[in-house]
Amino acid sequence: TLPEPFKARALEIMNPKPTLAYDDMLAADAAQLMSNPRKPFHVLPVLNRRTHKAVGLIRMHELRGAGI
């Protein structure tokens with residue numbers, strides 16, 4: 001059997017109100033969101049502004065690689 005932490009469903013541990021970016025945002029603005037000193041993070045979901053459907057993720061590593 002799996003240890004207790006491995007039995008949790010994604011719904012039980014996810015962030016229900018994540019910070020997100022829209023596909024028409026500037027990459028520099030996405031980097032600024034991710035660099036919040038109170039709560040920095042490395043991955044940001046990207047949504048289509050019109051449909052609000054997920055279109056991908058942007059990682060800080062990718063932003064840094066692009067020189068941002």
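1. Of the 68 residues of the protein chain, 18% count as buried, where buried means under 20% relative accessible area. This is a predicted model, and the points below should be read with that in mind.

2. On overall dimensions, the protein chain has a radius of gyration of 15 Å, whereas a compact globule of 68 residues would have one near 11 Å. Taken along the principal axes, the C-alpha atoms fill a box of roughly 45 × 30 × 20 Å.

3. The secondary structure of the chain amounts to 3 helices and 3 strands, and these follow one another along the sequence in the pattern α-β-α-β-β-α. As for how the chain is connected in space, 49% of the contacts between residues at least 6 apart in sequence join residues that are at least 24 apart.

4. The strands form an open sheet of 3 strands, ordered β1-β2-β3, in which the pairing is mixed. Its edge strands, each pairing on one side only, are β1 (residues 21–22) and β3 (residues 54–59). Between β1 and β2 (residues 43–47) there are 2 bridges, and these two strands run parallel; looking at a single residue of this pairing, Tyr22 has Leu47 in β2 as its bridge partner.

5. Helix α2, which spans residues 27–34, lies across β2 and β3 and runs at about 135° to β2. The buried residues of this helix are Ala30, Ala31 and Met34. Seen down the axis of α2, these buried residues fall within an arc of 100°, and they therefore line one face of the helix. A general point about helices helps here: an α-helix has 3.6 residues a turn, so residues three or four places apart point the same way. The cover over the buried residues of α2 includes β2, β3 and α3, the last of these being residues 60–65.

6. The largest nonpolar core has 9 residues, namely Ala21, Ala30, Ala31, Met34, Phe41, Leu44, Val46, Met60 and Leu63. The elements that give two or more residues to this core are α2, β2 and α3, and α2 gives the most, with 3 residues.

7. Leu63 is a useful residue to inspect when following this core, of which Leu63 is a member. Which residues is Leu63 in contact with, once its neighbours within four places in sequence are left aside? They are Ala27, Ala30, Ala31, Met34, Ile58 and Ile68. Among them, Ala30, Ala31 and Met34 are the buried residues of α2 described above.

Methods:
Residues are numbered from 1 along each chain as its sequence is written. This is a predicted model: local features need pLDDT of at least 70, side-chain atom pairs count only at pLDDT 80 or more; totals for chains, interfaces and linings use all residues. Side-chain values use heavy atoms; hydrogens and water are left out. Two strands pair if DSSP finds at least two bridges between them. Helices (H or I, at least four residues) and strands (E, at least two) are DSSP runs, numbered from the N terminus. Contact means heavy atoms within 4.5 Å. Axes are lines fitted to C-alpha atoms, for helices over the stretch in contact, and angles run from 0 to 180 degrees between N-to-C directions. Buried means under 20% relative accessible area, exposed over 50%, partly exposed in between (1.4 Å probe, protein chains only). The arc is that of the directions from the helix axis to the C-beta atoms. A nonpolar core is a set of buried Ala, Val, Leu, Ile, Met, Phe, Trp, Tyr and Cys residues joined through side-chain atoms within 4.5 Å. The radius of gyration is taken over C-alpha atoms; the globule rule is 2.2 Å times the number of residues to the power 0.38.
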